[in-house]
Amino acid sequence: MGIAKIPAVIWLLGVIKESNYTRLCKERTVLTVNGQFPGPTIYARKGDLVIVNVYNQGDKNITIHW
């Protein structure tokens, strides 16, 4: 018999806001998640419960896919 894995509950808070981002010597305004572009990686295993609360402080309606 194997050892039973206890499911984890992972709470994440995401704040979406506009930030200046420089790439290839050009600066532009992009929407970031917690100041990161691309957004943070979520690590979870099968059976874990992941709850993500997102607050959109940007001026655009957006959809996030993980």
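Strands β1 and β2 of this predicted model run antiparallel and are joined by eight bridges. Strands here are DSSP runs of E with at least two residues, whereas helices are runs of H or I with at least four residues, both numbered from the N terminus; two strands are taken to pair if DSSP finds at least two bridges between them. Within this antiparallel pair, Y21 stands opposite R28 of β2. The two strands form a hairpin with two residues between them. L24 is in the loop between β1 and β2, and its phi is near 55°, a positive value in a residue other than glycine. L24 is also exposed, with a relative accessible area of 77%. The classes of exposure are buried (under 20% relative accessible area), exposed (over 50%) and partly exposed (in between), computed with a 1.4 Å probe and protein chains only.

On numbering and data quality, residues are counted from 1 along each chain as its sequence is written, and side-chain values use heavy atoms, with hydrogens and water left out. Because the model is predicted, local features need pLDDT of at least 70 and side-chain atom pairs count only at pLDDT 80 or more, while totals for chains, interfaces and linings use all residues.

Strand β1, residues 9-23, also pairs with β3, here in the parallel sense and over eight bridges. In this pairing I10 stands opposite V50 of β3. The result is an open sheet of three strands in the order β2-β1-β3, with mixed pairing. Strands β2 (26-33) and β3 (49-56) are the edge strands, each pairing on one side only. From one strand to the next, the twist averages 25°; the axes are lines fitted to C-alpha atoms, for helices over the stretch in contact, and angles between N-to-C directions run from 0 to 180 degrees. The chain has three strands and zero helices, and its pattern along the sequence is β-β-β.

S19 lies in strand β1 and counts as buried, at 18% relative accessibility. Its side chain makes a polar contact with the side chain of T32, at 3.1 Å. A polar contact is a pair of N or O atoms within 3.5 Å; within protein, one must be able to donate a hydrogen and the other to accept it, and residues adjacent in sequence count only if both atoms are side-chain atoms. Leaving aside neighbours within four places in sequence, S19 is in contact (heavy atoms within 4.5 Å) with R28, T29, V30 and T32.

The loop between β2 and β3 holds several local features. N34 lies in this loop and has a positive phi of about 55° although it is not a glycine. At 42% relative accessibility, N34 counts as partly exposed. P38 is in the loop between β2 and β3 as well, and the peptide bond that leads to P38 from F37 is cis, with omega near -5°. D48, also placed in the loop between β2 and β3, is buried, with a relative accessible area of 19%. The side chain of D48 reaches the backbone nitrogen of R45 at 2.8 Å.

A8 lies in the segment before β1 and touches D48 and L49, not counting residues up to four places away in sequence. The C-alpha atoms of A8 and A44 are separated by 8.2 Å, although these residues are 36 residues apart along the chain. A8 is partly exposed, at 31% relative accessibility.

Over the whole chain, the radius of gyration is 16 Å, whereas a compact globule of 66 residues would have a value near 11 Å. This radius is taken over C-alpha atoms, and the globule rule is 2.2 Å times the number of residues to the power 0.38. The C-alpha trace spans about 55 × 25 × 15 Å along its principal axes. Buried residues make up 12% of the 66 residues in the chain. Of the contacts in the chain with a separation of 6 or more, 55% are accounted for by residues 24 or more positions apart. The chain exposes about 5900 Å², of which carbon and sulfur atoms supply 55%. Accessible areas come from the Shrake-Rupley method with a 1.4 Å probe; for residues, only the protein chains shown count as cover.
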